[in-house]
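The following questions and answers concern a predicted model. Please consult the sequence and structure as they are shown here.

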Amino acid sequence: MRMSISQLLISFAISVAMLIGFEIVTSTILPALGWTEYRLTFNVLFILFLAIRLNSAAVPWMIMGLQIVHSIFSIEGWALGTLAGLIVMMSANYLKELLHLTTAVMTMVTVQFFQFVWYLTVTVVICLKISNFDKFGMILWSFIPGSILLSLISPILFWVLEQVWRVPSDRGPAGVEI
């Protein structure tokens, strides 16, 4: 199935608006309620959805756009997230024929795997930047509790994004071409 440019722009704008909503909740409301230990990084779920379900040369640009929006709400730089997003996207492209998100459990397992790859990449880059791998385990562990919660949420968010992006309901590996 092919998507028109106008449909792509509308779907991307809706996705950005949804991401902004999630970012407002995770950066203001949750900390106000006392949840300060861990942060839910919904941008990772949006990027995983784009990487797994869309076939387009525009996906890297959309990843960068989502990361720039995310960086408005985070001290994390957009460049580090874009690098991790592109690595995850390339990995997902190699594994696309094996990725059949037909059940909620498969979606959760797939999302958890790719989040681990994402956070492993981010942790390695952070340790390289500070020239100290002594805190590697502690930095990586700080991402895990939030990633488990995001994995549990992922089937619902992916279903919503399938409606926004008009991805065929068969959930096969092909995705949508743009």
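Q: Which helix gives the largest share of the nonpolar patch?
A: The nonpolar surface patch is made by M90, Y94, L95, L98 and F113 and covers about 590 Å². Of these residues, 3 come from one element, residues 78–95, and this is the largest share. The element in question is helix 4.

Q: Is M90 buried, partly exposed or exposed?
A: M90 is found in helix 4 and belongs to the nonpolar patch. Its relative accessible area is 44%, and the intermediate class lies between the cut-offs of 20% and 50%. M90 is therefore partly exposed.

Q: How many residues of helix 2 are buried?
A: Helix 2 covers residues 42–53 and reaches 17 Å from its first C-alpha to its last, close to the 16 Å expected. Its buried residues include F42, N43 and R53. Helix 2 is largely enclosed by the rest of the structure, because the number of its residues that are buried is 12 of the 12.

Q: Where in helix 6 does a kink lie?
A: Helix 6, residues 136–165, spans only 37 Å between its end C-alpha atoms, whereas a straight helix of 30 residues would span 44 Å. A kink of about 50° is found in this helix, shortly before the proline P155. The kink lies at S154.

Q: What phi does R166 take?
A: R166 is located just after helix 6, the helix that holds the kink at S154. The phi of R166 is positive, with a value of about 55°.

Technical notes. Residues are numbered from 1 along each chain as its sequence is written. This is a predicted model: local features need pLDDT of at least 70, side-chain atom pairs count only at pLDDT 80 or more; totals for chains, interfaces and linings use all residues. Side-chain values use heavy atoms; hydrogens and water are left out. Helices (H or I, at least four residues) and strands (E, at least two) are DSSP runs, numbered from the N terminus. The expected span of a helix is 1.5 Å times one less than its number of residues. The bend at a residue is the angle between axes fitted to the seven residues ending there and the seven starting there. Buried means under 20% relative accessible area, exposed over 50%, partly exposed in between (1.4 Å probe, protein chains only). Patches are made of residues with over 30% relative accessible area and no salt bridge: like charges are joined within 9 Å, nonpolar side chains (Val, Leu, Ile, Met, Phe, Trp, Tyr) within 5 Å. Accessible areas come from the Shrake-Rupley method with a 1.4 Å probe; for residues, only the protein chains shown count as cover. A salt bridge is a side-chain nitrogen of Lys or Arg within 4 Å of a carboxyl oxygen of Asp or Glu.
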